[in-house]
Amino acid sequence: MIEKRDPADLTSEERAELGTRYTYTPHKPPLAETSDELRARIPGWGADLDPADRPAVPKMRFDPGATGARWEFPERQPELRPRERSVEHAFVTPVFGTGQPLKGVSGVVRRLAYRRFSEARAAHWLLLVAADRVDVAEGRVTSALRGRPDRLVAETGVRGEAGHEPVSSRAGRVDVRHQWIDPVIVAGPMAVAGVLAYRVVRRARSAR
Amino acid sequence: MKAMTYRGPYRIRVEEKDRPTIEHPNDAIVRVTTAAICGSDLHLYHGLMPDTRVGHTFGHEFVGIVDEVGPSVQSLQVGNRVMVPFNVFCGSCFFCARGLYSNCHNVNPNATAVGGIYGYSHTTGGYDGGQAEYVRVPFADVGPSLVPDWMGDEDAVLLTDALPTGYFGAQLGDIVEGDTVVVFGAGPVGLFAAKSAWLMGAGRVIVVDHLDYRLELARTFAHAETVNFTHHRDIVVHLKRTTGHLGADVAIDAVGAEADGNLLMHVTAAKLKMQGGSPIALNWAIDGVRKGGTISVMGAYGPIFSAVKFGDAMNKGLTINANQCPVKRQWPRLLEHIRNGHLRPSDIVTHRFPLDEIAEGYHVFSAKLDGVVKPLVVPSAA
């Protein structure tokens, strides 16, 4: 049981010395409520007090029959096109996602990240992050070529500001201090790409 | 079919995509009736998870109706109403055989350090997710379960991640009777972790966040004490003072990669992607827990290194327990708690967006507008 010590019973001197009186002795500082009081106040308090009632205890429990699997090694999903994999795997896993296969320049970078570097190497992840940014640029171009250009404002969902208390929701919040960076992250790469494209075109024209 | 698709950081749209097909004999195709946006979806939305590809459909919290089954599926039939755990898992590998469904070795060719997750980038296997009209569900005999007749979609969808993960977070804390538990983060997972800590006999539960409307819910829904860390010059000192200078027995990190509270950390990690996550909450947990205490981490971090104060963790003799939640392992007990009235997951649902307006839903959730705690997505085909 939890030792009860009502804070209201403590003198101000005792309260000020709580740390010295308890933490610096063998005793734990007292709690404001006993187990019985908590049980009365909070629905279900202590229902899983016994670790045996907690479903993932022990963390590892060998019970292969519990899952519904009728196989020791699953039938393999057909690999209809070469599937990238971590070099830490012995082979492509029996089942895998097939969305968004590697393509374009981003695909080249991603393939390099998977073939060359293990998950333990920062280069693996940094190449994948770089490929993500290349992919966004490629996606913008290919989407425009397919007649469904990105609607840069609508896709940010900024219209959701309307009717969702945009001013009062942000008042006094600590995270508002860095929200100015969000537009830079969204528009920054586009601005850089625009400047680079302008320079390339201008250089090509002046070379003629 | 209509599906949410990723277009780049902070940008998504709804597109027409091909309806998924049976790609493995034990696949099912599920018509989604209700999906949810998870706080960890925001890490993808913000471009924080490596190998998030343009065109990817997010969504690892969804329930629906079985629309088609592969030839080897025995436990499900077309028309069944199912809830699908966010983990894709085979049920038979070394890890699944030991209950570690979230660490399955047979479903994610892209990485060995993480299992398979629906709609959570190619780093977790490249499976398109459930913020769509239809979704492919591998290992249909292993993952999904029938939704009990007495349970509505809005409770069921929260059983696919948020509630089991929060409960699991409390479990990872190895709470014993009378423990003081501090929970960092008053989002859905933090709220469920706080509520679950009581089930395990906590003597005191303190929830830390900076959003007052969420702290209010921590008081009313989770019966917890609350601390707005912006009201204190040093939250660790405050936690020490409020625990008689001992520190909490257990600290739960329910924040993960985009923690606020330190501008440098947040900008380098969450904005400039120079870290796998902003470890502010984790560092507060390390410093705010008592020596010999336990830290539970189920807030999501990316695979890149993070500036974690590991020296303090070592010197304090801390136990750090962490994992993605093995959702299906939690269900039987959680269903009992819901039936007994100890938990009512849908109490935290605040917003419902049609799939066509999912970009607005993400923006509202990301910007924390309008008191949002848990937004749901309803596909039009539902």
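A residue counts as buried if 20 or more other C-beta atoms lie within 10 Å of its own, as exposed if 12 or fewer do, and as partly exposed in between. This cut-off serves at several stops of the tour below, which runs through a predicted model.

**Stop 1: a loop residue of chain B**

Select B:Asp370, which is placed in the loop between α11 and β17 (374-378) of chain B. With 19 other C-beta atoms within 10 Å, B:Asp370 is partly exposed. Display the backbone here: phi of B:Asp370 is positive, at about 60°, although the residue is not a glycine. For context, most residues other than glycine have a negative phi.

**Stop 2: a second positive phi**

Move next to B:His245, in the loop between α6 (235-242) and β13 (248-253) of chain B. B:His245 is not a glycine either, and its phi is positive, near 65°. Is B:His245 buried or partly exposed? B:His245 counts as partly exposed, because 17 C-beta neighbours lie inside 10 Å.

**Stop 3: chain B as a whole**

Now select the whole of chain B and colour it by secondary structure; 11 helices and 17 strands should appear. The C-alpha trace of chain B spans about 60 × 45 × 40 Å along its principal axes. A compact globule of 382 residues would have a radius of gyration near 21 Å, and the 20 Å of chain B agrees with this. Of the 382 residues in chain B, 70% are buried. Among contacts in chain B with a separation of 6 or more, 71% join residues 24 or more positions apart.

**Stop 4: the two domains of chain B**

Colour residues 2-161 and 326-378 of chain B as domain 1, and residues 163-322 as domain 2, following the domain assignment. The centres of the two domains, taken over C-alpha atoms, are 25 Å apart. Where they meet, 27 residues of domain 1 are in contact with 24 residues of domain 2. On the domain 1 side, the elements that give two or more residues are α1 (39-45) and α10 (327-339) of chain B. That side consists of 13 nonpolar, 10 polar and four charged residues.

**Stop 5: the interface between the chains**

Bring chain A into view. How many residues of chain B are in contact with chain A? The count is 88 residues of chain B, in contact with 84 residues of chain A. On the chain B side, the elements that give two or more residues include the strands β1 (2-8) and β2 (11-16), together with the helices α3 (162-172), α4 (188-199) and α7 (263-271). Helix α10 of chain B is also one of these elements, and α10 likewise gives two or more residues to the domain 1 side visited at the previous stop. Highlight α11 (358-367) of chain B as well; α11(B) gives the most to this side, with six residues. By class, the chain B side has 34 nonpolar, 35 polar and 19 charged residues.

**Stop 6: a helix pair in chain A**

Finally, select residues 104-116 (α4) and 122-145 (α5) of chain A, two helices whose axes come within 8 Å and cross at roughly 170°. The two helices are therefore roughly antiparallel. Show side chains on α4(A), including A:Val105, A:Val109, A:Leu112 and A:Ala113, which are among the residues that meet α5(A). On α5(A), the residues in this contact include A:Leu127, A:Leu128, A:Val134 and A:Glu138. The contact between α4(A) and α5(A) divides into nine nonpolar, three polar and three charged residues.

Definitions and conventions. Residues are numbered from 1 along each chain as its sequence is written. Chains are lettered from A and ligands numbered from 1 in the order in which they are written. This is a predicted model: local features need pLDDT of at least 70, side-chain atom pairs count only at pLDDT 80 or more; totals for chains, interfaces and linings use all residues. Domain bounds come from an automatic or database domain assignment. Two residues are in contact if their C-beta atoms, placed from the backbone, lie within 7 Å. Helices (H or I, at least four residues) and strands (E, at least two) are DSSP runs, numbered from the N terminus. Ala, Val, Leu, Ile, Met, Phe, Trp, Tyr, Cys and Pro count as nonpolar, Asp, Glu, Lys and Arg as charged, and the others, Gly among them, as polar. The radius of gyration is taken over C-alpha atoms; the globule rule is 2.2 Å times the number of residues to the power 0.38. Axes are lines fitted to C-alpha atoms, for helices over the stretch in contact, and angles run from 0 to 180 degrees between N-to-C directions. Angles under 35 degrees count as roughly parallel, over 145 as roughly antiparallel, 65 to 115 as roughly perpendicular and the rest as oblique.
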